[in-house]
Amino acid sequence: MNFFSVIVQKTESFFFKQGYSTIICNTAKDAEKEREYLKTLDGKMVDGLICISGQEELSAELLKRPIPIVCIDRRPKINTNVAFIESNHYEGGFLATEELIDKGCKDILLLTKQNNLSSVNERLHGYKDALQKHGLSPSEDRLVAVRNDGPTLEAAQAAIERVLEKKLRFDGIFATNDWLALGGLLALQKHGVQVPGEVKIVGFDNDTISQYCNPPLTTIEQDKETLADQACNTLLRMLSGERLEQEQHYSVPVRLIQRSTT
């Protein structure tokens, strides 16, 4: 994903200029792989960690030394000498849903994954609160969750096709990432449903694919550069001796990117 690649590139560039070598580990959201990498990094005596974990919580208790840790979007199980940096996911969910409501939608599907991480659950809370603000009630039949163990695009397509087969009425989709949104768009187009004429769609992440959908996808942009800069500068301060006695939390604003699906 573009989100991860931008953060990794900026992190490596930042610390190279500061005289640090950067070890990059890709766990592919595999919990066992993540645990093994943490043990390996601890054995290599790394000075600090920036983590974007694929798990609900980072298993930092595997580390034998109290090294500085900065987590992006995932809370660690420890709360000392650690900083937590995330986008304002609640705001993103609220903005996405309100965009659909402002464009006339009243029956809005939430398209997401099962077993969500805390960041995506915050998007869900924003969705529900935006509905309630405008006098609309969230309903369980409009919460569409796809399985985590397969390709996101195909799973989203299949999920929206099942909704269409049930003849459930909806005129908007808020998808909690852009690949889900694209899957929904393709399913609607396959069945002759006009976007944005009959159904409007908002995604999340402003991934590169969102610009090249047909039509281009309205989405929520995470400020990847600010997230990376905040993470790098925070870790550098910690490496310089600034010790955090309790978890430090930084929230980075998001923004709506309006394109042709709304």
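Gly92 sits in helix H3. The model is predicted. Gly92 is buried, because its relative accessible area is 0% and the cut-off for buried is under 20%. Leaving aside residues up to four places away in sequence, Gly92 touches Phe204, Ile220 and Val254. Gln222 is 130 residues from Gly92 in sequence, yet the two C-alpha atoms are 8.6 Å apart in space.

**Helix H3 and its sheet**

Helix H3 spans residues 89-102. This helix lies across strands E6, E8 and E9. Its direction is at about 165 degrees to E8, the strand of residues 172-175.

E6, E8 and E9 belong to an open sheet of four strands. The order is E7-E6-E8-E9, with parallel pairing. Strands E7 (143-146) and E9 (200-202) are the edges, and each pairs on one side only. On average, neighbouring strands here are turned by 20 degrees against each other, direction ignored.

A second helix, H5, covers residues 152-165. H5 lies across E6, E7 and E8. Its angle to E6 is about 145 degrees. Both helices therefore need to be read against the strands they cross, as tabulated here.

| Helix | Residues | Strands crossed | Angle |
|---|---|---|---|
| H3 | 89-102 | E6, E8, E9 | about 165 degrees to E8 |
| H5 | 152-165 | E6, E7, E8 | about 145 degrees to E6 |

Strand E6 takes in residues 108-113. Four bridges join E6 to E7, and the two run parallel. One of the residue pairs is Leu111 with Val144, the latter in E7.

**The other sheet**

Another open sheet also has four strands. They follow the order E1-E3-E5-E11, and the pairing is parallel. Which strands stand at the edges? They are E1 (49-51) and E11 (248-252). Each has a single partner strand, so one side of each is left without a neighbour in the sheet. From one strand to the next, the twist averages 15 degrees.

E1 is joined to E3 by three bridges. Strand E3 consists of residues 69-72 and runs parallel to E1. Ile50 has its bridge partner in E3, namely Val70.

Methods: Residues numbered from 1 in each chain as written. Predicted model: local features only at pLDDT ≥ 70, side-chain atom pairs only at ≥ 80, totals over all residues. Heavy atoms only, no water. Pairing = 2+ DSSP bridges. Axes fitted to C-alpha atoms, helices over the stretch in contact; angles between N-to-C directions. Contact = heavy atoms within 4.5 Å. Buried < 20%, exposed > 50% of the residue type's maximum accessible area, 1.4 Å probe, protein only.
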